[in-house]
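Grab a coffee and open the viewer: here is a short set of exercises, each with a worked solution. Try each task before you read on.

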Amino acid sequence: MTEKVVFITGASSGIGRAAAITFARAGYDVCGFARRADRLAELAEEIDALPHAHGEFIAEVGDVRERAQVAAAVTQTLERFGRLDVLVANAGLGHHGTVAEGEWHHLEAVLRTNIDGVLHSIRASVPAMRASGGGQILIVSSIVAGIHTPYTAVYAASKAFASSLAGSLRLELEDDDIGVTDVLVGRTATEFNQNRLGTKDSASGRLPTVKAEEVGAALVKAAERRPRRVINRLFDRLVLAGGVIAPAIMARLALRQYKPAGRD
């Protein structure tokens, strides 16, 4: 059992939910932050019912796009547990459609969630980690950060921001003993595609998926081992390598994957 504390954004579903359960099983005290109170309540019940010794769980309802709400949730975490050791900046929103014709309120929601939300989470958590003597920031990005993806361009660009931020932030915080891990996730079996904004056309091709529980386990391992980067699968490594070696070919493959039905 550990006496460490983790703050997880986007904890009501998918990777965030799986991470909350896995961290609790590993003995971490967990604060799960998300917009859906009912989902957080269900998560709290599931963690309470775990059969073996586990960490405590508290739920904080809020939106990562709202700086004050994130800051308040971190404050509540400190008041309950007295410290903060790990941030999982996981909350994210997808988009499918064109840059030029996509509805602006959809594009803005993606950018504010995937960029502002990460910044708000980091800026609220770093002072608490410094006071705790160090920590680890896990920024959940995506393998699309390393390739050009027509029709999911805004989402991919927001993840490129997150990965770039991780590399620079690591150097800024190394003297505080706060590590930063860029977690590049491939397609995961969650509600993400159903919840994405923009057009609802399903992808034309099928890509291998990973279970959210596997990503959750990788996040716990990363919190302990503190690597610079996490890429779970060989397939995802090959995608990223292709983005470096043959970016035009990878972009064409992505075009076939994400092109909406009916577009020539």
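**Exercise 1. Two odd backbone angles**

Is Asp177 buried, partly exposed or exposed? Work that out, then compare notes on Tyr151.

Solution. Keep in mind that this is a predicted model.

- Step 1: find the spot. Asp177 sits in the loop that links H5 and S7.
- Step 2: check the area. Asp177 has a relative accessible area of 41%, so it is partly exposed; that class lies between the cut-offs of 20% and 50%.
- Step 3: look at phi. Asp177 isn't a glycine, yet its phi is positive, about 55°.
- Step 4: do Tyr151 likewise. Tyr151 belongs to the loop between S6 and H5, and its phi is positive at about 75° even though it is no glycine. With 16% relative accessibility, Tyr151 counts as buried.

**Exercise 2. Lay out the sheet**

In which order do the seven strands of the open sheet come? Then place the helices that pack on it.

Solution.

- Step 1: write down the order. The strands go S3-S2-S1-S4-S6-S7-S11, and the pairing is parallel.
- Step 2: find the edges. S3 (57–61) and S11 (229–231) each have a single partner strand, so one side of each has no neighbour in the sheet.
- Step 3: get the twist. On average, neighbouring strands are turned by 15° against each other, ignoring direction.
- Step 4: add the helices. H4 (residues 104–132) packs on the sheet and touches S1, S4, S6 and S7, with its direction at about 165° to that of S6. H7 (residues 212–225) also packs on the sheet, touching S4, S6, S7 and S11, and its direction makes about 145° with that of S6.
- Step 5: zoom in on the S11 edge. S7 (residues 178–185) pairs with S11 in the parallel sense through three bridges, and Val183 faces Val230 there.

**Exercise 3. Follow one strand**

Which residues of S4 are buried on its two faces? Also find what S4 pairs with.

Solution.

- Step 1: recall the pattern. Side chains in a regular strand alternate between the two faces of the sheet.
- Step 2: apply it. Val86 and Val88 are on one side of S4, Leu87 and Ala89 on the other, and all of them are buried, which leaves both faces covered.
- Step 3: go to S1. S1 and S4 run parallel, joined by three bridges; Ile8 has Val88 as its bridge partner in S4.
- Step 4: go to S6. Four bridges join S4 to S6, again in parallel, and Ala89 has Ile139 as its partner in S6.

**Exercise 4. Classify the ring pairs**

How many aromatic pairs are there? Take two of them and sort out their geometry.

Solution.

- Step 1: count. There are three aromatic pairs.
- Step 2: take Phe7 and Phe33. Their ring centres are 5.8 Å apart with the planes at 40°, so this pair is tilted.
- Step 3: map that pair on the chain. Phe7 is in S1 and Phe33 in S2 (residues 29–34), so the pair ties together parts 26 residues apart in sequence.
- Step 4: check burial. Phe7 is buried at 0% relative accessibility, and Phe33 is buried with a relative accessible area of 1%.
- Step 5: take Phe23 and Tyr28. Their centres are 4.9 Å apart and their planes at 85°, an edge-to-face pair. Both residues are buried.

**Exercise 5. A covered helix**

How many of the twelve residues of H1 are buried?

Solution.

- Step 1: check the length. H1 (residues 14–25) reaches 17 Å from its first C-alpha to its last, close to the expected 16 Å.
- Step 2: count the burial. Nine of the twelve are buried, so H1 is mostly covered; among them are Ile15, Ile21 and Phe23.
- Step 3: step off the end. Just after H1, Gly27 has a positive phi of about 100°.

**Exercise 6. Around a serine**

What does the side chain of Ser163 make a polar contact with?

Solution.

- Step 1: locate Ser163. It lies in H5 (residues 153–173) and is buried, at 15% relative accessibility.
- Step 2: find the partner. The Ser163 side chain makes a polar contact with that of Ser141, at 2.8 Å.
- Step 3: list the contacts. Leaving out residues up to four places away in sequence, Ser163 touches Ser141, Ala145, Asp182 and Leu184.

Notes
Residues are numbered from 1 along each chain as its sequence is written. This is a predicted model: local features need pLDDT of at least 70, side-chain atom pairs count only at pLDDT 80 or more; totals for chains, interfaces and linings use all residues. Side-chain values use heavy atoms; hydrogens and water are left out. Two strands pair if DSSP finds at least two bridges between them. Axes are lines fitted to C-alpha atoms, for helices over the stretch in contact, and angles run from 0 to 180 degrees between N-to-C directions. Contact means heavy atoms within 4.5 Å. Buried means under 20% relative accessible area, exposed over 50%, partly exposed in between (1.4 Å probe, protein chains only). A polar contact is a pair of N or O atoms within 3.5 Å; within protein, one must be able to donate a hydrogen and the other to accept it, and residues adjacent in sequence count only if both atoms are side-chain atoms. Rings of Phe, Tyr and Trp (its six-membered ring) pair if their centres lie within 6.5 Å; planes under 30 degrees apart count as stacked, over 60 as edge-to-face and the rest as tilted. The expected span of a helix is 1.5 Å times one less than its number of residues.
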